[in-house]
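Q: I am new to this structure and would like a close look at one part, the place where ligand 2 sits. Could you walk me through it?

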Amino acid sequence: MTDVIKIVVAGPRGRMGREAVKLVEDTENFQLVAVIDHKHNGMKLADILETSKSQVMVYTDIEECLQNEQADVLIDLTTPETGYLHTKTALTYGVRPVVGTTGFSQEELIELKSLAEAKGLGCIIAPNFAIGAILMMKFSQMASKYFPDVEIMEMHHDQKLDAPSGTAVKTAEMIKENRPSHRQGHEDEKETIEGARGANYDGMRIHSVRLPGLVAHQQVLFGAEGQTLTLRHDSYNRASFMSGVKVSVETIMSLDSLVYGLEHILV
Ligand SMILES: NC(=O)c1ccc[n+]([C@@H]2O[C@H](COP(=O)([O-])OP(=O)(O)OC[C@H]3O[C@@H](n4cnc5c(N)ncnc54)[C@H](O)[C@@H]3O)[C@@H](O)[C@H]2O)c1
Ligand SMILES: O=C(O)C1=N[C@H](C(=O)O)CCC1
């Protein structure tokens, strides 16, 4: 029999968090031991989340939670500031973080990487848990060797806090590994309305669309003489991310350092 993995979910009432709670409750060798919310300290999960019957405790303070509960893994699906703090605290307490929260700075990622290494603990920070999105990023990286002119258009629901999306940033980082650094567009181009050309990452442009009705979508557009290539991925619901969360929890127990991006653990 596989060992039981004891899990804390942070952000259980969020769009992603409630799916993660369901995943943990429905997976045989996963055990939910507590949740971390920004309110309702001391209540039971079932009292604050209509889709759960779980009697595990709600904590508002991660330190109190990790002192009181025996946990192997923290799944964090909160906000950029909270996610960073939770990841750091979990590592300090010897708990392995699986982080879907996006919007971390480069400095924060570097700091978390050193902390995970110092502690010899697995930590997975995945800007996108959907397998199709990972493939889109990998295909984009491959294509950029042959099509070095590329623009990324990410489209999300209008409640998203960070822009560009974590997926768009990760895609640009992966493309950068293959694409000779250069500025794109006309050398004399001028924006008559600020922001018209999008964010500039190593000469590539990233455009962020926010609209009600969207979930998570990204198009990577490549252009060359007389041709274009478009790679697109769409998540139509949050369940699309859960197989990636599951494989991350299963894999993290045998890791001893930080992995940034699911492409490193999908074989
Ligand atoms: N990696 C992926 O595949 C993926 C997919 C979707 C969303 N995301 C990211 O996951 C995060 C959550 O997204 P969402 O759509 O579920 O957002 P959401 O706003 O629906 O949920 C966030 C939850 O975090 C909780 N929260 C805020 N501050 C907190 C605190 N201090 N302590 C505990 N809980 C706190 C809120 O109560 C809320 O329930 C975002 O960063 C988003 O970009 C990642
Ligand atoms: O809904 C969100 O927010 C999402 N965020 C991730 C990102 O920033 O890339 C992944 C897709 C959904």
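A: Happily! One term helps at the start: a polar contact is a pair of N or O atoms within 3.5 Å. Please keep in mind that this is a predicted model.

With that in hand, look at Thr167: an N or O atom in its side chain is 2.4 Å from an oxygen atom of ligand 2. Lys160 also has a polar side-chain atom facing a ligand oxygen, at 2.7 Å, and for Thr102 the distance from a polar side-chain atom to an oxygen of ligand 2 is 3.3 Å. On its own, ligand 2 has 320 Å² of accessible area, and the protein covers 85% of that.

Now step back to the whole shell. The residues around ligand 2 include His156, His157, Asp162, Gly166 and Phe241, along with the three just described. By class, this shell has three nonpolar, seven polar and two charged residues.

The space that ligand 2 takes is the largest pocket, which holds about 950 Å³. It is lined by 41 residues, and those closest to its centre are Arg15, Met16, Leu77, Thr78 and Thr101. Several elements give two or more residues to this lining: α1 (15-26), α4 (80-92), α6 (131-143), α7 (166-176) and β10 (216-224). Sorted by class, the lining of the largest pocket has 13 nonpolar, 22 polar and six charged residues.

Definitions and conventions: Residues numbered from 1 in each chain as written. Chains lettered and ligands numbered in written order. Predicted model: local features only at pLDDT ≥ 70, side-chain atom pairs only at ≥ 80, totals over all residues. Heavy atoms only, no water. Near = heavy atom within 4 Å. Polar contact = N/O pair within 3.5 Å; in protein donor to acceptor, adjacent residues only side chain to side chain. Areas by Shrake-Rupley, 256 points an atom, 1.4 Å probe, with all protein chains shown as cover. 1 Å grid on protein atoms, 1.4 Å probe; cavity = no way out; pocket = protein on both sides within 12 Å on 5 of 7 lines; lining within 4 Å. Sits in = over half its atoms within 2 Å of the grid points. Nonpolar A, V, L, I, M, F, W, Y, C, P; charged D, E, K, R; others polar. Points joined across faces, edges and corners; volume = space filled by probe spheres on them. Helix = DSSP H or I, 4+ residues; strand = E, 2+ residues; numbered from the N terminus.
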